[in-house]
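Colleague: I am new to this protein and would be grateful for a guided introduction. May I put my questions one at a time?

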Amino acid sequence: MQSSSSSSSSYVPLETSNVFNLLPKLSTFSFDSTVSRITLDGCPSIVSNFAHSDRKIGDFLGRKKRLNIVGSLSSGTRGGSGFNKFFSEFNNFVRFHCERIPLGFDSVNVNPVNECGSGEQNGGGLEDGALPLSEAVSNGKKKVLILMSDTGGGHRASAEAIKWAFNEKFGDEYEVFVTDLWTDHTPWPFNQLPRSYNFLVKHGSLWRMTYYASAPRVVHQSNFAATSTFIAREVAKGLMKYQPDIIISVHPLMQHVPLRILRSKGLLDKIVFTTVVTDLSTCHPTWFHKLVTRCYCPTEEVAKRASKAGLQSPQIKVYGLPVRPSFVKPVRPKVELRKELGMDEDLPAVLLMGGGEGMGPIEATAKALGNALYDENLGQPIGQVLVICGRNKKLASKLLSAEWKIPVQVKGFVTKMEECMGACDCIITKAGPGTIAEAMIRGLPIILNDYIAGQEVGNVPYVVENGCGKFSKSPKEIANIVGQWFGPKAHELKAMSQNALRLARPDSVFKIVQDLHELVKQRSLTMQYSAST
């Protein structure tokens with residue numbers, strides 16, 4: 001992808017995928033990248049109903065070179081019947097095996113199982129007395145279990161934000177646990193999910209194939225059903241050891257298997273299960289499950305996708321993306337922050353980020369900014385740069401040893417990103433939803449220089465079309481944009497800052513936990529009434 005004027009981009013829907021999917025089997029079929037939807041030999045109904053709303057994103061990219069990442073799955077020379085036969089046989093396997101409780105559930109006190117895997121008395125469901133809910137716990141606290149996975153930093157950040165908000169708003173009334181369900185409570189190879197994700201993302205074509213091939217409902221639902229055959233016992237143990245009143249999923253792969261388990265145990269009317277979507281626009285269909293009590297969406301676009309997936313209006317709330325607690329609190333004066341960071345107190349500043357690993361064209365962009373922000377006629381700088389290199393010590397060392405005509409501050413891995421943003425006037429970053437949401441809270445115009453295929457694709461038009469920033473992959477063009485913002489187009493910078501503040505939702509995490517609190521109260525009253533009648 002080149003600059004915003006001539007860059008090639010790919011805008012398509014959906015979010016993270018289950019690494020343990022049908023790709024090995026699907027690899028026997030050919031991928032046709034010349035069409036823009038998935039067809040399965042006369043079975044177009046299985047296409048995700050999210051594809052419709054991505055026409056807007058396609059239109060946004062119509063001005064650029066467009067790439068249809070995943071097209072049709074055709075059966076090649078084997079004929080359509082081979083594909084249909086495979087899915088028919090696979091679904092029969094799923095139906096036979098996955099609607100039963102797997103063997104070995106004795107570790108979580110289920111009834112004895114027969115050799116077919118089903119309970120002798122109640123289909124293998126948990127006995128009511130085997131898993132007491134948290135009302136019976138002696139400390140009297142309600143239990144909250146947040147399910148996440150370290151596939152990118154945003155899921156953990158949202159989980160920690162929700163945990164903090166519960167403690168801030170309700171004190172000791174709630175006990176909150178955060179767990180990586182796949183890593184902590186599934187056997188190998190399923191516990192390798194974060195590592196598999198990182199590998200796939202580093203090899204973009206593999207991630208695109210995994211992401212879009214898993215989008216059709218028939219693929220990911222059958223996949224989850226088959227996966228639960230192998231991991232249900234361990235996941236059930238992992239869930240029930242916390243005895244939660246509320247389960248909150250902040251990851252697209254944390255709905256289907258847990259809900260399947262809760263339904264099989266008859267616990268859906270006792271435990272509040274909710275989803276907090278952490279993608280701003282395009283998101284994978286696995287985010288949405290009809291059995292959730294509530295689905296918290298960060299934007300109206302995501303809410304539309306949830307509705308198209310079959311969720312009802314009472315299930316959907318649009319509160320914004322929960323961000324780190326430090327961004328909820330008021331920011332200190334810019335001059336004070338700049339002084340602490342060793343920056344010039346008067347020059348406008350741009351924040352250049354490369355994520356936790358310091359990836360991307362950071363060095364090239366920093367050097368381009370060094371030239372663009374120096375006025376040769378006046379012989380003085382018109383701006384300054386704060387570079388965050390993350391854990392990339394080699395990059396930090398190289399930038400620190402370079403000679404600059406403008407003030408440049410180079411930092412490694414920082415834990416107080418809110419202060420770095422508060423000290424600057426605009427930001428250059430990839431299209432991660434958490435960084436975008438945090439930048440908007442600080443009123444920073446955003447220049448997006450990259451995105452991950454799939455879940456981050458729609459974030460580019462979300463930022464650009466809302467007048468909050470621009471997109472380019474060219475370091476030179478990015479530097480020129482910043483130079484204009486710090487010079488003759490200062491009015492544009494100010495307007496974009498106001499637009500960012502308009503879209504910001506700093507109180508989103510408090511709205512989410514307040515609504516969860518109300519749901520728990522309603523559920524408790526319902527259960528008390530049922531017990532008394």
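Colleague: What percentage of the residues in the protein are buried?
Modeller: Please note at the outset that this is a predicted model. A residue counts as buried when its relative accessible area is under 20%. Of the 533 residues in the protein, the buried ones make up 54%.

Colleague: How many helices and strands does the secondary structure contain, and what share of the contacts with a separation of 6 or more is due to residues 24 or more positions apart?
Modeller: The secondary structure comes to 19 helices and 18 strands. Among contacts with a separation of 6 or more, the share due to residues 24 or more positions apart is 72%.

Colleague: How much accessible surface does the protein have, and what part of that surface belongs to carbon and sulfur atoms?
Modeller: The accessible surface of the protein comes to about 22800 Å². The part belonging to carbon and sulfur atoms is 50%.

Colleague: Which residues form a nonpolar patch on the surface, and is Leu206 buried or partly exposed?
Modeller: The patch has about 240 Å² of accessible area and is formed by Phe199, Leu206 and Met209 together. Leu206 is found in helix α7, residues 204–213. Because its relative accessibility is 31%, Leu206 counts as partly exposed.

Colleague: What distance separates the end C-alpha atoms of helix α18?
Modeller: Helix α18 covers residues 490–503, which makes 14 residues. At 1.5 Å a residue, these should span 20 Å. The computed distance between the end C-alpha atoms agrees with this, at 20 Å.

Colleague: Which residues of α18 are buried, and which exposed residues lie on the face turned away from them?
Modeller: The buried residues of α18 are Leu493, Met496, Ser497, Ala500 and Leu503. They cover an arc of only 125° around the axis, so they lie on the same side of α18. The face turned away from this buried side carries the exposed residues His491, Lys494 and Arg502.

Colleague: Which elements are included in what covers the buried residues of α18?
Modeller: The cover includes two strands, β16 (426–429) and β18 (469–471). It also includes the helices α15 (433–441), α16 (459–465) and α17 (475–485).

Colleague: Which residue of strand β18 meets Glu492 of helix α18 in a salt bridge?
Modeller: Side chains of opposite charge can pair when their charged atoms come close. Glu492 lies in helix α18 and its partner in strand β18, so the pair ties together parts that are 22 residues apart in sequence. The N to O distance is 3.2 Å, and the partner is Lys470. With a relative accessible area of 25%, which means partly exposed, that residue is Lys470.

Colleague: How many salt bridges does a search of the whole structure find, and with which residue does Asp515 form one?
Modeller: A search of the whole structure finds 18 salt bridges. In one of them, Asp515 has its closest N and O atoms 2.8 Å from those of Arg294. The pair links distant parts of the chain, 221 residues apart: Asp515 is in helix α19 (residues 508–532) and Arg294 in strand β9 (residues 294–297). Both residues are buried, and the partner of Asp515 is Arg294.

Colleague: With which residue does Arg338 form a salt bridge?
Modeller: Arg338 is buried, because its relative accessible area is 3%. The closest N and O atoms of the pair are 2.7 Å apart. Arg338 lies in helix α11 (residues 334–341), and its partner, 87 residues away, lies in the loop between α14 (417–422) and β16. That partner is Asp425.

Colleague: Which residues are linked in a network of salt bridges?
Modeller: Such a network needs side-chain nitrogens of Lys or Arg within 4 Å of carboxyl oxygens of Asp or Glu. The residues linked in this way are Arg332, Glu336, Glu340 and Glu419.

Colleague: Is Pro433 buried or exposed, and which residues is Pro433 in contact with beyond its neighbours within four places in sequence?
Modeller: Pro433 has its place in helix α15. At 13% relative accessibility, under the 20% limit, Pro433 counts as buried. Leaving aside neighbours within four places, its contacts are Thr278, Asp279, Leu280, Leu321, Glu456 and Asn459.

Colleague: Which residue has a positive phi although it is not a glycine?
Modeller: The residue is found in the loop between α8 (217–240) and β7 (246–249). Its relative accessible area is 24%, so it is partly exposed. Its phi is about 45°, and the residue is Gln243.

Terms used. Residues are numbered from 1 along each chain as its sequence is written. This is a predicted model: local features need pLDDT of at least 70, side-chain atom pairs count only at pLDDT 80 or more; totals for chains, interfaces and linings use all residues. Side-chain values use heavy atoms; hydrogens and water are left out. Helices (H or I, at least four residues) and strands (E, at least two) are DSSP runs, numbered from the N terminus. The expected span of a helix is 1.5 Å times one less than its number of residues. Buried means under 20% relative accessible area, exposed over 50%, partly exposed in between (1.4 Å probe, protein chains only). The arc is that of the directions from the helix axis to the C-beta atoms. Contact means heavy atoms within 4.5 Å. Patches are made of residues with over 30% relative accessible area and no salt bridge: like charges are joined within 9 Å, nonpolar side chains (Val, Leu, Ile, Met, Phe, Trp, Tyr) within 5 Å. Accessible areas come from the Shrake-Rupley method with a 1.4 Å probe; for residues, only the protein chains shown count as cover.
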